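Biologist: Please show me the model. I have some questions about its rings and strands.

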Amino acid sequence: MKEYLTLAEIQRDLREEGLTCVKLVDHYLEKIEANKHLNAFVEVYTEEAKKAALAIDAKIANDTAGKLAGMVIGLKDVLSLTGHGLQAGSQILQNYTAPYTATAVQRLIDEDAIIIGRQNCDEFAMGSSNENSSFGPVLNAINNAKVPGGSSGGSAVAVQAGLCHASLGSDTGGSVRQPAAFCGVIGVKPSYGRVSRYGLIAYASSFDCIGPITKSVADAALILEVMSGADDFDSTVSERPVPAYTAGLEWEGKAKIGYIRSAVENEAIAPEIRRQTSEVLNRLRAEGHEVVGIDMPLLDSLLPTYYILTTAEASSNLSRFDGVRYGYRSPESVDLESMYKKTRTEGFGDEVRRRILLGTFVLSANYYDAYYTKAQRVRRLVREETGRFFEQFDFLISPVTPTTAFTIGEKTEDPLQMYLADIFTVQANVVGNPAVSIPNGLDDQGMPIGIQIMAPYFGEEKMLAFANYLTGLN
């Protein structure tokens, strides 16, 4: 079966070429089995996906199918689906079954998307390489010695390798966009509050966003359009109307674009990434867009601010995983105190324990004002500075990552180097703005390079249109 770039191509063949959803699902199941070594899926919903395909084929025959008929989707292992396993890549949730379905997932199902399985990820979405999963690392399909990025590495590889048509990931500091860049696919982080977080296992609640990973901007726009909007189960979701993103993908006019000078001039950034980013900016100038280099004084404060605040929120959010109500409980427990200690020590991996400890430290009475309160102030300043930027510019363009996909094991002994992989992506999460990663060529080893477009708060409509336009230029 041919590989499809867009859902529109699939739906055309479903109508005209004798393709069926059953054939599509069988095709993806065969590819998942043939590529088990990539470790992208931790559970495949074989029988359920086949049953859904039969039902949707009947709807197509009756002309009653939804917008997403023919789309086969994988879910990052942090999104709930009733009756299925949900572990967030962690042994602390061993044998846990989701009691309800996430709002974003249910909205896709309501439009006849087929859910084919749950995908490997860094434990509790904490990581930039997908090496922190208790299910083992995910391998980049282009070069199995390389990481796929994280934390949504399994979701990105599944789309990259054609194991499903699209995936849903979560983005706390770049966890959709960074693996999308490493795998040569498209990843969207929407504005905070655009998509309901109900049914998403929390890492850092004021940063987390659910976003699509696809091979085309059109499909990302369609998925975002379907799953966005107000939700009675999540009070942080905006009640703003959801634009018809798919109807506005044709970019018109000239844009005013800012880029961070250090992103294309700093020698710490891989030369090929700097070169290709510069080429994109030059192409945009040649097309008549205004492209201006800028300095952001608070850029150096982004990563410290991000890690102080997210670890603080994580230490609070993950306190519920204690062996009392669900998931893993240490068999070595002898009393309540030992159950807490042993369960959390044995159930959580090294990186999760590290971030819980950091978060507990910055929230402690002696250091709360020195770290947590100060980081909240810096977050406000970054938000104000970003707001002033978007009063002058339509978009902020930057690389997605300072390097292409690195070798598995290369950075595991140096967490600070691993954290630097998020240097260009965390700003969108700190301030809540939308951002998208799109492919931007290959380096000299054939590994994908991504470029990021960040837009004003709730500026997804123009951002997606410009991303679609830029993919055409590339």
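**Rings and strands**

Modeller: The charged end of Lys411 sits over the ring of Phe406, 4.5 Å from its centre (NZ of Lys or CZ of Arg within 6 Å of the ring centre and within 35 degrees of the ring normal). This is a predicted model: local features need pLDDT of at least 70, side-chain atom pairs count only at pLDDT 80 or more, and totals for chains, interfaces and linings use all residues. Residues are numbered from 1 along each chain as its sequence is written, and side-chain values use heavy atoms, leaving out hydrogens and water.

Biologist: Over which ring does the charged end of Arg379 sit?

Modeller: The distance to the ring centre is 4.0 Å. The ring belongs to Phe207.

Biologist: Is strand 11 largely enclosed or not, and how many of its residues are buried?

Modeller: Strand 11 covers residues 448-454 (strands are DSSP runs of E, at least two residues, numbered from the N terminus). Pro448, Gly450, Gln452 and Met454 point one way, and Ile449, Ile451 and Ile453 the other. The strand is largely enclosed by the rest of the structure, because the buried residues (under 20% relative accessible area, 1.4 Å probe, protein chains only) number 7 of the 7.

Biologist: Which residue of strand 11 is the bridge partner of Val436?

Modeller: Strand 10 (residues 435-442) pairs with strand 11 in the antiparallel sense over 6 bridges (pairing needs at least two DSSP bridges). Strand 9 (residues 395-399) also runs antiparallel to strand 11, joined by 4 bridges. There, Ile397 stands opposite Ile453. The bridge partner of Val436 is likewise Ile453.

Notes
Buried < 20%, exposed > 50% of the residue type's maximum accessible area, 1.4 Å probe, protein only.
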